[in-house]
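Trainee: Please take one part of this model and examine it closely for me, beginning with the backbone and then following the packing around it. I would like a connected account rather than a list.

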Amino acid sequence: MQEKEIAIVTGAGRGIGLAAAKRLVEDGFHVVMVDVKADPLAENAEALKQSGASVEHHVLSITDREAVAAFIAALPRLDVLVNNAAVFWDGKFDEITEDDFRTMYDVNVVGTFVISQEAAKRMERGARIVNVASRAYLAGYAHAPYITSKAGTIGLTRAMAIDLAARGILVNAIAPGLIETEMFRSLTPERQQQLIALQPTRDVGQPEDIANGIAFFASPRTKNVTGQILTLDGGRSMGISLY
Ligand SMILES: NC(=O)c1ccc[n+]([C@@H]2O[C@H](COP(=O)([O-])OP(=O)(O)OC[C@H]3O[C@@H](n4cnc5c(N)ncnc54)[C@H](O)[C@@H]3O)[C@@H](O)[C@H]2O)c1
């Protein structure tokens, strides 16, 4: 029997990361679920294992270089890295602090860089890295640190795609729009309704919709595509539509 390809999914304890882990299991990967929070990562990974899924889990911060390096060095092989872990909170420009800015940048950009650099050392030709950015990189109200960090994720995706192309490693990104997760539910109901009203589809996406895009870039069948951003946002990036 052919050895399973191994995929790491960061931020896999809940939300989009959990949906991506489930989808990559269905697609035949052995999935290594990573999250900085032990709960609900362990519970969700155990439930998947009980249902026969090929998964393991590790509690780890993507910003901890030493822990990330040791974790990746211990894997038998590495075929796919899904950089999904991130932090987010709202804040008007004149109210946000320097700490808001540094924390979001540290996790969303520097953390993605750290784990990608360690992963790339283990990866062979044909490996794939999928970064989860956000449609918010284009703009949005009261999101300056998040927008900046996600624009950084896009820049990092393109830079890594060029630098790693010589080694045959493909790097692409997904830019989700509004997705119904804890991150979205942390907004007030009024803010949620305002944001839904801006969607041409007048709808909020589901984590599985994003997992579907991640699965495309993670697939060994997706070749000759690198440095691309797939926007899955109910059409919001086209602009506001009145009807
Ligand atoms: N939900 C949305 O509407 C939406 C929209 C656009 C983009 N995104 C992006 O999709 C991704 C997932 O979003 P979500 O809504 O599922 O978020 P979420 O907050 O539900 O999940 C994020 C996970 O990342 C983990 N995490 C945070 N810091 C970490 C670290 N340092 N190391 C390891 N794990 C860490 C958290 O513990 C959490 O389990 C993020 O990159 C987010 O920016 C989400």
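**Around helix α8 and the packing beyond it**

Mentor: R202 lies in the loop between α7 (189-197) and α8. The model is a predicted one, and R202 merits attention for its backbone: its phi is positive, about 50°, although the residue is not a glycine. Most residues other than glycine have a negative phi. With a relative accessible area of 31%, R202 is partly exposed, because this value falls between the 20% limit for buried and the 50% limit for exposed.

A second residue with a positive phi is N224, found in the loop between α8 and β7 (229-232). Its phi is near 65°, and N224 is likewise a residue other than glycine. N224 counts as exposed, because its relative accessibility is 79% and the cut-off is 50%.

Next comes the helix named in both of those loops. The axes of α1 and α8 come within 8 Å and cross at roughly 50°. The two helices are therefore oblique to each other, and α1 passes α8 in a right-handed crossing. On the side of α1, the contact is formed by G15, I16, A19, A20, R23 and L24; on the side of α8, by P207, E208, I210, A211, N212, I214, A215 and A218. Sorted by class, the residues of this contact are 10 nonpolar, two polar and two charged.

Two residues of this contact, L24 and I214, lead into the interior. The largest nonpolar core has 30 residues, and L24, V31, M33, V82 and I214 touch the most other members. At least two residues of this core come from each of β1 (6-10), α1 (15-26), β2 (30-35), α2 (38-50), β4 (80-83), β5 (128-132) and α8 (207-218). The largest share, seven residues, is supplied by α1. Leaving out residues up to four places away in sequence, L24 touches A7, V9, F29, V31, V82, A215 and A218. Apart from this core lies another, of 26 residues, including I8, V68, L81 and L164.

V31 and F29, both touched by L24, appear again in the surroundings of S54. S54 is placed in the loop between α2 and β3 (55-59). Beyond its neighbours within four places in sequence, S54 is in contact with K4, V25, F29, H30 and V31. S54 and G17 are 37 residues apart in sequence, and their C-alpha atoms are 16 Å apart in space. Helix α2 also contains P40, which is joined to D39 by a cis peptide bond with an omega of about 10°. Most peptide bonds are trans.

V68 and L164, named above among the members of the other core, open the way to a further set of helices. The axes of α3 (residues 65-73) and α4 (residues 98-122) come within 9 Å and cross at roughly 30°. That makes α3 roughly parallel to α4, because the angle is under 35 degrees. The crossing of α3 past α4 is right-handed. The residues in contact are R65, V68, A69, I72 and A73 of α3 together with F113, V114, I115, Q117, E118, A119 and R122 of α4. By class, this contact has eight nonpolar, one polar and three charged residues.

Helix α4 also packs against α5 (residues 144-165): their axes come within 8 Å and cross at roughly 20°. That makes α4 roughly parallel to α5, and α4 passes α5 in a right-handed crossing. In this contact, D100, F101, M104, Y105, N108, V109, T112, F113, S116 and A120 of α4 meet A144, P145, Y146, T148, S149, K150, G152, T153, L156, M160 and L164 of α5. The classes here are 12 nonpolar, seven polar and two charged residues.

The last residue to consider is L75, placed in the loop between α3 and β4. L75 counts as buried, because its relative accessibility is 6% and the limit is 20%. Aside from residues up to four places away in sequence, L75 touches I8, V32 and R122. L75 and T153 are 78 residues apart along the chain, and their C-alpha atoms are separated by 25 Å.

Key: Residues numbered from 1 in each chain as written. Predicted model: local features only at pLDDT ≥ 70, side-chain atom pairs only at ≥ 80, totals over all residues. Heavy atoms only, no water. Axes fitted to C-alpha atoms, helices over the stretch in contact; angles between N-to-C directions. Helix = DSSP H or I, 4+ residues; strand = E, 2+ residues; numbered from the N terminus. Parallel < 35°, antiparallel > 145°, perpendicular 65-115°, else oblique. Left-handed = near helix turned anticlockwise from the far one by under 90°. Contact = heavy atoms within 4.5 Å. Nonpolar A, V, L, I, M, F, W, Y, C, P; charged D, E, K, R; others polar. Core = buried A, V, L, I, M, F, W, Y, C linked by side-chain atoms within 4.5 Å. Buried < 20%, exposed > 50% of the residue type's maximum accessible area, 1.4 Å probe, protein only.
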